[in-house]
Amino acid sequence: MSLLDNSRILVTGGTGSFGQEFIRTVLRENQPERLVVFSRDELKQYDMKAKFPESDSLRFFLGDICDRHRLERALRGIDY
């Protein structure tokens, strides 16, 4: 069992190159309860959903880290 198993993780900028590779690695090596991709690019989120259709734990959250209230909402219930 790893540290990230059964955890809830938020990845800001999750649709970027680092974010996508991080998510791919987490899903390959761990069993998170929820893995939230937070980004402001709706098209990249749409494209990313097609790349990871097999994951039940992957969620997408549209927002900008400059929007404090939106970020706080995304962070509810998040462990990492």
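# Close-up views

**View 1. Arginine 40 is located in the loop that links E2 to H2.** This is a predicted model, in which local features need pLDDT of at least 70, side-chain atom pairs count only at pLDDT 80 or more, and totals for chains, interfaces and linings use all residues. Residues are numbered from 1 along each chain as its sequence is written, and side-chain values use heavy atoms, with hydrogens and water left out. The element labels come from DSSP runs, numbered from the N terminus: H or I over at least four residues for a helix, E over at least two for a strand. Arginine 40 counts as exposed because its relative accessibility is 65%; the cut-offs are under 20% relative accessible area for buried, over 50% for exposed and in between for partly exposed, using a 1.4 Å probe and protein chains only. Setting aside neighbours within four places in sequence, arginine 40 is in contact (heavy atoms within 4.5 Å) with Leu62, Gly63 and Asp64. Alanine 74 is 34 residues from arginine 40 along the chain, and their C-alpha atoms are separated by 12 Å.

**View 2. Aspartate 64 belongs to the loop between E3 and helix H3 (68-75).** What does aspartate 64 contact, leaving aside neighbours within four places in sequence? Phe38 and Arg40 are its partners there. With a relative accessible area of 25%, aspartate 64 is partly exposed. Leucine 27 makes a handy distance marker: it is 37 residues away from aspartate 64 along the chain, with 24 Å between the two C-alpha atoms.

**View 3. Three strands make an open sheet in the order E1-E2-E3, with parallel pairing.** E1 and E3 are the edge strands with a single partner each, so one side of each has no neighbour in the sheet. From one strand to the next, the twist averages 20°. Pairing here takes at least two DSSP bridges between two strands. Across the parallel pair E1 and E2 there are 5 bridges, and valine 11 stands opposite valine 37 in E2. E2 and E3, also parallel, are joined by 5 bridges, with phenylalanine 38 opposite phenylalanine 61 in E3. In general, strands of a sheet pair through backbone hydrogen bonds, either parallel or antiparallel. E2 is largely enclosed by the rest of the structure, because 5 of its 6 residues are buried. Lying across E2 and E3 is H2, which runs at about 170° to E3; axes are lines fitted to C-alpha atoms (for helices, over the stretch in contact), and angles between N-to-C directions run from 0 to 180 degrees.

**View 4. Helix H1 (residues 17-29) has a buried side and an exposed face turned away from it.** H1 has 13 residues and reaches 18 Å from first C-alpha to last, close to the 18 Å expected at 1.5 Å a residue; that expected span is 1.5 Å times one less than the number of residues. Its buried residues are Gly19, Gln20, Ile23, Val26 and Leu27. They sit on the same side of H1 because they cover an arc of only 130° around the axis, taken from the directions from the helix axis to the C-beta atoms. Which residues are exposed on the face turned away? Ser17, Phe18, Arg28 and Glu29 are. The buried ones pack against strand E1 (8-12), strand E2 (34-39), helix H2 (42-51) and strand E3 (58-62).

**View 5. The largest nonpolar core has 11 residues.** The members are Leu4, Ile9, Val11, Ile23, Val26, Leu27, Leu35, Val37, Met48, Phe52 and Leu58. By nonpolar core we mean a set of buried Ala, Val, Leu, Ile, Met, Phe, Trp, Tyr and Cys residues joined through side-chain atoms within 4.5 Å. E1, H1 and E2 are the elements giving two or more residues to this core, and H1 supplies the largest share, 3 residues. Another core, of 7 residues, lies apart from this one and includes Val36, Phe38, Phe61 and Leu71.

**View 6. Phenylalanine 52 lies in the loop between H2 and E3.** It counts as buried because its relative accessibility is 7%. Skipping residues up to four places away in sequence, phenylalanine 52 touches Gln20, Ile23, Arg24, Leu27 and Leu58. Its C-alpha is 9.5 Å from that of isoleucine 23, and the two are 29 residues apart in sequence. With the same sequence neighbours left out, isoleucine 23 touches Val11, Gly14, Leu35, Val37, Met48, Phe52 and Leu58.
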